[in-house]
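Work through the exercises below with the sequence and the model open. Try each task before reading its solution.

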Amino acid sequence: MTMTVAARAIATARSVVRASRLRNVFTALESQSHALLIRQMSSEAQSMRSEEQSMSSEVQSIAARLRNSGLLRSQGLIGGQWIDAYDGRTIKVHNPANGEVIANVPLMSKRETDDAITSAYDAFKSWSKLTAADRSNRLRKWYELLTTHKEEIGQLITLEQGKPLKESVGEINYGASFLEFFSEEAKRVYGDIISPTIADRRLFVLKQPVGVVGVITPWNFPLAMITRKVAPALACGCTVVIKPSELTPLTALAAAELSLQAGIPPGVVNVVMGDAPAIGDAILASTQVRKITFTGSTAVGKKLMAGAAGTVKKVSLELGGNAPHIVFDDADVDVAVKGVIASKFRNSGQTCVSANRILVQEGIYEKFCNAFSKAAQDLQVGDGFGEGVAQGPLINEAAVQKVEKFLQDAITKGAKVVLGGKRHSLGMTFFEPTVIADVNSDMLLFREEVFGPVAPLLPFRTEEEAIGLANDANAGLAACVYTNNIQRSWRMTEALEYGMVGVNESLIATEVAPFGGIKQSGLGREGSKYGMDDYLELKYVCLGNMDGN
């Protein structure tokens, strides 16, 4: 192509020479520039094809290494045995970055779930009788194995979930931290002695494990959402049946493999996946399951809560968020931009604590909008294995369509796209980092979680107005405030109707602090010493006639 264009350019130049010397100069220069542009475009296209082929080859190599390491499991785990679905059915697990099939996993249903529950119920009898120190040591070993294999499992997360590899490895560190923390908390389950009201009585309180726990987890953090639930459950002496998302089951299976290697007995950890409604119904119906813990959408959480009423199970729910990030005039704009960018575009905006509504005081609204848009524009989008990639694909086509629906609704109602606003040229489920200004409370972007890389900006005038806008939501998971006024930070912290509040910091989750929300964002807390409470029952004991012989 380049040679043909160059030849035509030379012919044109010769023709022009005969007409005009001056015209020849300009035409020759133009032709040379055109030929150079064509050569550059051809070179770039060839380079892109080469990079894509190299990336595909690298991904295939990673998958092969994971299989050889024994961490790429593709069967369910029941009673310490790796098994297929009883009827042989399977579902495909795809790489969202390119659509390729990574593995086929069992499409399990009620029968497999019932057997997993029985296995967990039987294992509970012995696991709950182990000393706290013994359980602690095994959890600690599981933690050590996860950290030893964090690179491989991080690659597995990127393969099936799509987030940048750096984020995936960060999730391993975060997820493993719950195993370490709760291995220590296992030895700190204390009861109480109560002063009796009658002289010959002795009163005390025991804390005992709940029993079998159904653990239902989402796709956006396929490791951390499991360990944040399973670690305290096992530390207390409970056993578990895990149902990971069908979109990202491979990370759960790798973690389960390492639990066996850590010496956690067969049946203590079980993993089933496939027909989500059938599995959920089996867990809800079983009288052997005494608790359900779930992270996911508010709609599904409500269904589980209603279903659990039939057998009166304990329920822990970590549901949807609609996080407001509030930037005041007195904030450090650089700090605020950095914090909101980190919150909004981490995991392509697919987190329950992602900045969903960015409220900026009028005095710095334009300044913040410009600085924030520039920072978002600099984010590199691509396959999570790519060097320097900050944003990967969305999990599937439905996620992209939801983002498009929310954006169209906002634009129709008067919002203005400042940056992005459409699917990325990479195709598949990649979406451009998007900033949209002048959002208001009538728009879907304000009322609901967009769960994508879209940053809606809203101006406000007063502190009271900001509080009203922030609290105008059914959700109450997390909020963030940017201000250098210590009195204002305290007033805002008390006024915001959220279970967690960050001040001048957006990435606030840690294993040592309680994670959870209020209103329709859920029930209970995960992480910290409070994370043990939901897996324990209180038993009051009264010893009478203690003055007798």
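**Exercise 1. Contacts and composition**

Task: For contacts in the protein with a separation of 6 or more, find what share comes from residues 24 or more positions apart. Then give the secondary structure and the buried share.

Solution.
- Step 1. The model is predicted. In it, residues 24 or more positions apart account for 73% of the contacts with a separation of 6 or more.
- Step 2. Count the elements: there are 16 helices and 22 strands.
- Step 3. Take burial next. Of the 549 residues in the protein, 53% are buried.

**Exercise 2. Packing of α4 and α6**

Task: Describe how helix α4 and helix α6 are arranged, and list the residues that join them.

Solution.
- Step 1. Two packed helices are described by the angle between their axes and the distance between the axes.
- Step 2. Helix α4 spans residues 132–148 and helix α6 spans residues 165–185. Their axes come within 8 Å and cross at roughly 165°.
- Step 3. Angles over 145 degrees count as roughly antiparallel, so α4 is roughly antiparallel to α6.
- Step 4. The crossing of α4 and α6 is left-handed.
- Step 5. From α4, the contact uses S136, L139, R140, W142, Y143, L146 and T147. From α6, it uses I172, A176, L179, E180, F182, S183 and E184.
- Step 6. Sort the contact residues by type: eight are nonpolar, three polar and three charged.

**Exercise 3. Packing around α5**

Task: Repeat the analysis for helix α5, against α4 and then against α6.

Solution.
- Step 1. Helix α5 covers residues 150–161. α4 and α5 pack at an angle of about 70°, with their axes 5 Å apart.
- Step 2. The range from 65 to 115 degrees counts as roughly perpendicular, so α4 is roughly perpendicular to α5.
- Step 3. L146, T147 and T148 of α4 meet K150, E152 and I153 of α5. This set splits into two nonpolar, two polar and two charged residues.
- Step 4. Turn to α6. The angle between α5 and α6 is about 125°, and their axes are 8 Å apart. That makes α5 oblique to α6.
- Step 5. The crossing of α5 and α6 is right-handed.
- Step 6. On the α5 side, the residues are K150, E151, I153, G154, Q155, I157 and T158. They meet L165, S168, V169, E171, I172 and N173 of α6.
- Step 7. The types in the contact of α5 with α6 are five nonpolar, five polar and three charged.

**Exercise 4. Nonpolar cores**

Task: Locate the largest nonpolar core and the residues with the most contacts inside it. Then find another core.

Solution.
- Step 1. In soluble globular proteins, nonpolar side chains tend to be buried together.
- Step 2. The largest nonpolar core here has 66 residues. W142, L234, V240 and L250 have the most contacts inside it.
- Step 3. Helix α7, residues 224–236, gives the most to this core, with nine residues.
- Step 4. Inspect L234. Leaving out residues up to four places away in sequence, L234 touches W127, R135, L139, W142, V240, I264, V268 and V269.
- Step 5. Another core lies apart from the largest one. This other core has 35 residues, including L394, A470, A473 and A479.

**Exercise 5. Two serines with positive phi**

Task: Characterise S348 and S528 by phi, location and burial.

Solution.
- Step 1. Most residues other than glycine have a negative phi.
- Step 2. S348 has a positive phi, near 60°. S348 sits in the loop between α11 (333–345) and β13 (355–361). Its relative accessible area is 3%, so S348 is buried.
- Step 3. S528 also has a positive phi, near 65°. The loop between β21 (522–523) and β22 (536–543) holds S528. At 1% relative accessibility, S528 is buried.

**Exercise 6. Two buried residues and their neighbours**

Task: Are V340 and Y498 buried or exposed? List what each touches, not counting residues up to four places away in sequence.

Solution.
- Step 1. V340 lies in helix α11. V340 is buried, with a relative accessible area of 0%.
- Step 2. V340 touches H325, A355, I358, F368, F372 and Y482.
- Step 3. V340 and S354 are 14 residues apart along the chain, and their C-alpha atoms are separated by 8.7 Å.
- Step 4. Y498 is in the loop between α16 (486–495) and β19 (500–503). With a relative accessible area of 7%, Y498 is buried.
- Step 5. Y498 touches N322, P324, R357, A470, N471, A473, A475, G476, L477, A478, A479 and I518.
- Step 6. Y498 and L477 are 21 residues apart in sequence and 5.2 Å apart in space, C-alpha to C-alpha.

Notes
Residues numbered from 1 in each chain as written. Predicted model: local features only at pLDDT ≥ 70, side-chain atom pairs only at ≥ 80, totals over all residues. Heavy atoms only, no water. Axes fitted to C-alpha atoms, helices over the stretch in contact; angles between N-to-C directions. Helix = DSSP H or I, 4+ residues; strand = E, 2+ residues; numbered from the N terminus. Parallel < 35°, antiparallel > 145°, perpendicular 65-115°, else oblique. Left-handed = near helix turned anticlockwise from the far one by under 90°. Contact = heavy atoms within 4.5 Å. Nonpolar A, V, L, I, M, F, W, Y, C, P; charged D, E, K, R; others polar. Core = buried A, V, L, I, M, F, W, Y, C linked by side-chain atoms within 4.5 Å. Buried < 20%, exposed > 50% of the residue type's maximum accessible area, 1.4 Å probe, protein only.
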